[in-house]
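Please open the model in your viewer and keep the selection panel at hand. The tour below moves from one selection to the next and says what is to be found at each stop.

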Amino acid sequence: MRIQRVHPELVNDYCCNIYWVAGDPGNPRDANTLVDVGSSHPGTLDAVLAGIADLPKGIGRRPVEQVVLTHAHYDHAGALAAVVERFHPVVHAFQAGPGVSHPIVDGQWLRVGSLDVRVLHTPGHSDDSICLFCPETRALFSGDTLYRISEGGGAYPACYARSLERLQALRPAVIYPGHGEPIARDAEAFIASALAGVKASTLKP
Ligand SMILES: [Zn+2]
């Protein structure tokens with residue numbers, strides 16, 4: 001399993017984490033995959049495209065054969081048109097839209113790099129949010145569904161608590177969030193704290 005962030009130094013208000021998950025060059029089932037593509041903010045986009053082009057891709061493989069979007073917010077999906085034009089990947093997203101070639105549904109399996117991952121529709125942060133979970137490695141790509149909600153007092157749709165309970169039940173070992181550093185220790189505590197924060201907030205129907 002090889003997962004790396006494209007340009008981790010670019011993680012700021014304008015850009016999410018962009019994860020590149022490498023396939024095994026010798027395995028035709030595998031697909032070099034980007035989980036999210038970042039924003040279209042010009043300086044960010046140029047650096048991201050350059051970062052992708054520099055990735056080791058394996059002989060005869062394109063660096064980006066597939067894209068999976070965790071949701072359609074601009075800081076995660078804004079660069080999609082540029083990435084599609086440059087690399088011609090298959091594009092999976094829950095919400096249909098320009099550049100999305102393959103709409104995905106809850107429960108569907110995808111081959112991401114050399115991992116078999118399950119798509120979980122986890123509405124709350126946005127209606128179209130999804131997470132990706134690999135049972136073999138217990139790795140969870142959480143988009144913006146998981147972020148530091150340290151205390152109550154906010155207002156969230158009621159479905160958000162259900163989505164977080166679903167993630168909690170998976171007991172992931174490592175979380176690759178949409179912003180911030182990957183969480184390799186205390187992943188379950190991180191989910192529990194987000195869930196407690198949401199439950200201590202106003203839940204809208
Ligand atoms: Zn978002």
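**A walk through the sheet and its surroundings**

Begin by selecting strand 9 and strand 10 of this predicted model, which pair with each other in the antiparallel sense over 3 bridges. Within this pair, pick out Leu 132 and look across to strand 10, where its bridge partner is Phe 141. The two strands form a hairpin with 4 residues between them, and Arg 138 in the turn has a positive phi of about 55°.

Now add strand 8 (residues 115–121), which pairs with strand 9 (residues 130–134) in the antiparallel sense over 4 bridges. Here Arg 118 is the residue to display, as it stands opposite Phe 133 in strand 9.

Return to strand 10 and extend the selection to strand 12, noting that these two pair in the parallel sense over 4 bridges. Gly 143 can serve as a landmark, since its bridge partner in strand 12 is Pro 177.

With these pairs in view, select the whole open sheet, in which 5 strands run in the order 7-8-9-10-12 with mixed pairing. Strand 7 (109–112) and strand 12 (174–177) stand at the edges with a single partner strand each, so one side of each is left without a neighbour in the sheet. Looking along the sheet, you can follow a twist that averages 30° from one strand to the next.

Which residues cover the two faces of strand 10, and are they buried or exposed? On one side are Ala 139, Phe 141 and Gly 143, on the other Leu 140 and Ser 142, and all of them are buried; in total, 5 of the 5 residues of strand 10 are buried.

Next, select helix 4 (residues 158–170) and show the side chains of Tyr 160, Ser 163, Leu 164 and Leu 167, which are buried. They cover an arc of only 95° around the axis, which puts them on the same side of helix 4. Colour their surroundings as well, for the buried residues of helix 4 pack against strand 9, strand 10 (139–143), strand 11 (155–157) and helix 5 (187–199). Just after helix 4 comes Arg 171, whose phi is positive, near 50°.

Finally, turn to the largest nonpolar core, which has 51 residues, and in which Val 37, Val 67 and Leu 132 have the most contacts. Centre the view on Val 37 and, leaving aside neighbours within four places in sequence, select the residues in contact with it: Ile 18, Val 67, Ala 77, Ala 79, Leu 80 and Val 83.

Key
Residues numbered from 1 in each chain as written. Predicted model: local features only at pLDDT ≥ 70, side-chain atom pairs only at ≥ 80, totals over all residues. Pairing = 2+ DSSP bridges. Axes fitted to C-alpha atoms, helices over the stretch in contact; angles between N-to-C directions. Core = buried A, V, L, I, M, F, W, Y, C linked by C-beta atoms within 7 Å. Buried ≥ 20, exposed ≤ 12 C-beta atoms within 10 Å, placed from the backbone. Contact = placed C-beta atoms within 7 Å. Arc of directions from axis to C-beta.
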